[in-house]
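Visitor: Please take one part of this structure and look at it closely. Then show me how that part sits in the rest.

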Amino acid sequence: MIQAHEIEIARHCISFACGNGADNARVNLNKSSIDSCNMLNGELDKVTHAADRSIYLYLYVDGKYGTFSTNMLEKDKLEDFILKAIDMVRMLGEDQCRKLPDPSRTERNARTGRELGLYDEALEQSDSDSRLGRAYAMSIWNDENANHSEEYHIISEECEYSESYDDSITIDSQGFEGRHTESAFSFFAEVTVQDNEGNRYSGYWWDTTPRKDAADPAECSRKALERAVAQIGPQPRRSGRARMVVDSSVASRLVAPVLNALNGSALQQKMSFLDGALGHKVFGEGMNLMDHPRTEGRNGSRMYDSEGVSTKDAPVIKDGVVCQYFINTYNAAKMGIEPTVEDASRPCLMPYLKDKELADGEISVSLRDILQFCRNGILVTGFNGGNTNPVTGDFSFGIEGFAFSKGKITHPVREMLITGNLKDLWNNLIAAGTDARPSSRWQIPSIAFENVSFSA
Amino acid sequence: MNCKNHYLDIFNITEAGLKEIIAKALSRGGDFADLYFEYTTFFNLNLKDGTVSSGGFHTDYGVGIRVLKGEKTGYAYSENLDMREMLKAADAASAIAQAGGSSLPYRAGTACTPALYPMRKNWRDTDASALLPFLLDVEKKVTAQDSRIVKVMARLSNSVCDVLMYNSFGEITYDTRPMGSISVTAVFQHEGKSENKSVSRSFRMGAELISGALADEIAAEVAEGIDERFEAIRPKGGQMAVVMGAGPSGVLLHEAMGHAFEADFNRKGQSIFSDKMGQQICPKGVNVVDDGTLEFNRGACRYDDEGVAGQKTYMVADGVLNSYLHDRISAAWYGVEPTGNGRRENFRYNPIPRMRATYMESGNADPSSIIADVRQGIYVKELSNGQVKIGEGDFTFFVKSGFLIEDGRLTAPVKDINIIGNGPEALANILAVGNDLKIDNGTWTCGKEQSVAVSCGMPTILVKSLTVGGE
């Protein structure tokens, strides 16, 4: 973890930079560590210990701006580094829009880094034996091979268990100081099986939580196996339009390009299909996206953004209307509008069933409910490549998953593609569940759209 | 400067010090240990709205310590090159020895290899004032190409990486690896519609890379084909013949074949090609190469990150699966020589089998006759990101621009469609290979667990059938 003398080094960087020509400066000092154990086919395959440190400097000199970083934290080396950095900034072009945020917008209460309950001191008591024990417990290799199925056999099983922390301090020359500390207990498993015809299928599962007692890696590998086995026997399907349900484990893939398009960098450079959309209804009635950055103990929460600006709960899209752009100090000055925060922290998509009233607070909409609601279509459980044109919103993604009929899964599908435009897609939203994975930074539940173009 | 003492000095270490760390790493019974010292400087300049208004430099310094026991790995690193800190990291990595396993021969040739990327002008001696005019020149030349351009963004970045590698066989290798890259994106607006086009170049070379000719080349490519982008349609989706244009189509090989040939996936039995060594997997006459020896190429490796000499590896020779891509672990496991594919993002990662420059050698067909032979299909001109599922062999890549092929002619332009296929089927369904191999020199980066610089290339080829996304 960051020590008191290292905080002093960060403060010294600010005073040294400002004493040697910088008008303003911001410093981000980060330390992190990760210990991981990897298992292959029931045996220990790799142990890793990693400890990182870095210091980032953001320098504002004579109306010019540069960013610099190093992992050499010795004071004399840093001073030399800063002097060279100031020299370089002076060679760049002037841009008066580069400045620190208004101090009244910066966070004042993130002093210890632990205000949001994202750090578990149990990490400090953990040792290599306990990590190894958890990693060994994840493996189902020996059990499964002792009771092997007649439909498939397991070719390989990889499991990883890791424990880590990330500790960062941000200080600027206008008096802002903030600290953010979080721990993570993470596990991942990937299982590959082979059916009787020699076809291979792989499935994976993962989870991560800031609290050790909330991490339950025991079923991870079994879930990965279930996901692999479920894909056995895919059937061909014709191209055409159908309803599409996207499982909560991958649904954020369809939200990410929307949030990217709301970001000031994309908007300012005309690289956004949502340019000019603020205050306008561009998505369907059922699209309600909130940012909830201050939920205690939940991944993704943070009290301030990378500039030190306070975060707050706020609607991003309400009833299909764009309510917020994510505009940092620089882009706000370039665009001549008020700044907000740099980006979304913990976006949450609200539940919705088209043409149905959902009572506040007491609703539960599962993936099964959504399949029943949609009756027939394709359930997407994984994306395979693809991209979005940021300027037009046109997308095309490879998908895999299952066909469903009368609300029940019938058979797996693969080698299929979906193609369309993001505005059209989100205007065709017909359902959003309440099953977002608790540990995800982005709270995106299972979602459903109608009239989606599938190619096969 | 290119001698052992120069590199020892960079990391303030002696040969006795190297031996002491290795001894600590093997103290609990490991079979093999190696050290990877790295000092990298990164530099970037960014142009937006007509001004180079941001930039910076970054340094990274440390050592990665690996211990092998059989094919099992213990790995730790230190960003502090004080001997006590390095010995602590060596001790952490040594813990893998408790995993048990048998001793394997990891030895490989570290023969002297030619300098593949000497810098005539070292980036470290070239400050911002010397580079800034180049970016402004690029912006001016791009803007002059087309009155519909409303925004130009350009980024010039470079890095110089000094590495020193030492292992428990006493092999010591060292290298200095430069990289210079330029990326330009222009946004076009016309009659209420917007389009964008990105162009990049990346080479392992010094600051001699930048020139007026390079600026001209990039500017011309940014503007080329933009009319078609405004007119482009989404085709009707489904299965159809696909002609892959020469150059960037090499991403097909990278995804459909290269990853599945990386020996770690095969050693674990995960790859769809795990049991196909020596079998005919492509039509006769097809040769697919992964090559670390192309001068100044983004994927060039004089030595890989295990100190193994860079090589040219025929993965497919005359249509037959000839070699996987090996690091020391997989080579020992298979009982073959390493192929120089043990690569890593930086000292924080252990090396694993990775591609370098992956391409198909030219065939005999005339590219125009390949198109003329297709009744209905897609011609792929520019593409971007790809992905593969190793077990199933399903791969995808994203087509930024191309054309419909109707009755042997290129007709309506198409854009922004994904194409999906199955690796073994696509390879078996190559119907023609053009005589026009072209290596693409864009900023290709492969993201298998770690990011490493790669490149790809391809002659024009015809694949009988792939699934094309569409309306």
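Guide: What follows starts with one pair of strands and moves outward from there. Keep in mind that this is a predicted model.

Start with strand 2 of chain A, residues 43–61. Its partner within the chain is strand 3 of chain A. The two run antiparallel and are joined by seven bridges. One bridge to look for links Ile55(A) to Thr70(A), the latter in strand 3. Two residues lie between the strands, making a hairpin. At this turn, Asp62(A) has a positive phi near 50°.

Is strand 3 of chain A enclosed or open to the outside? Strand 3 covers residues 64–70, and five of its seven residues are buried. A residue counts as buried when 20 or more other C-beta atoms lie within 10 Å of its own. The strand is therefore largely enclosed by the rest of the structure.

Now go back to strand 2 of chain A and cross to the other chain. Strand 2 also pairs with strand 3 of chain B, residues 72–78. Here the sense is parallel, with four bridges. Val47(A) has Gly74(B) as its bridge partner.

This pairing belongs to the contact between the chains. There, 54 residues of chain A meet 64 residues of chain B. On the chain A side, strand 2 supplies the largest share, with 10 residues. By class, that side holds 17 nonpolar, 25 polar and 12 charged residues.

Next, step back to chain A as a whole. Chain A contains 11 helices and 17 strands. Its radius of gyration is 25 Å, close to the 23 Å that the globule rule gives for 456 residues, so chain A is as compact as a globular protein of that length. Along the principal axes, its C-alpha atoms fill a box of roughly 75 × 55 × 40 Å. Of its 456 residues, 52% are buried. Take the contacts in chain A between residues at least 6 apart in sequence: 72% of them join residues at least 24 apart.

The domain assignment divides chain A into domain 1, residues 4–229, and domain 2, residues 240–455. Their centres, taken over C-alpha atoms, are 25 Å apart. Where they touch, 23 residues of domain 1 are in contact with 18 residues of domain 2. On the domain 1 side, strand 4 (152–172), strand 5 (177–195) and strand 6 (200–209) of chain A each give at least two residues. Strand 6 gives the most, with three. That side of domain 1 has eight nonpolar, eight polar and seven charged residues.

Now the partner chain. Chain B has 11 helices and 23 strands. A compact globule of 471 residues would have a radius of gyration near 23 Å, and the 24 Å of chain B agrees with that. The C-alpha trace of chain B spans about 70 × 55 × 35 Å along its principal axes. Buried residues account for 60% of its 471 residues. Among its contacts between residues at least 6 apart in sequence, 75% join residues at least 24 apart.

One sheet in chain B deserves a look. It is an open sheet of six strands, in the order 10-9-8-13-22-19, with mixed pairing. Strand 10 (320–321) and strand 19 (438–440) of chain B are its edges, each pairing on one side only. Strand 10 runs antiparallel to strand 9 of chain B (residues 312–317), with two bridges between them. In that pair, Ala317(B) is bridged to Val320(B) of strand 10. Helix 7 of chain B, residues 250–261, lies across several strands, among them strand 8 (288–291), strand 13 (357–360) and strand 22 (455–458). The helix runs at about 115° to strand 22 of chain B.

Finish on one residue of chain B. Phe403(B) is in strand 15 of chain B, residues 394–406. Why does Phe403(B) count as buried? It has 23 C-beta neighbours inside 10 Å, and 20 are enough for that label. Setting aside neighbours within four places in sequence, Phe403(B) is in contact with Tyr379(B), Leu410(B), Thr411(B), Ala412(B), Pro413(B) and Val414(B). Tyr379(B) is 24 residues away from Phe403(B) along the chain, yet their C-alpha atoms are separated by 5.1 Å.

Methods: Residues are numbered from 1 along each chain as its sequence is written. Chains are lettered from A and ligands numbered from 1 in the order in which they are written. This is a predicted model: local features need pLDDT of at least 70, side-chain atom pairs count only at pLDDT 80 or more; totals for chains, interfaces and linings use all residues. The radius of gyration is taken over C-alpha atoms; the globule rule is 2.2 Å times the number of residues to the power 0.38. A residue is buried if 20 or more other C-beta atoms lie within 10 Å of its own, exposed if 12 or fewer, and partly exposed in between; C-beta atoms are placed from the backbone. Two residues are in contact if their C-beta atoms, placed from the backbone, lie within 7 Å. Two strands pair if DSSP finds at least two bridges between them. Axes are lines fitted to C-alpha atoms, for helices over the stretch in contact, and angles run from 0 to 180 degrees between N-to-C directions. Domain bounds come from an automatic or database domain assignment. Ala, Val, Leu, Ile, Met, Phe, Trp, Tyr, Cys and Pro count as nonpolar, Asp, Glu, Lys and Arg as charged, and the others, Gly among them, as polar.
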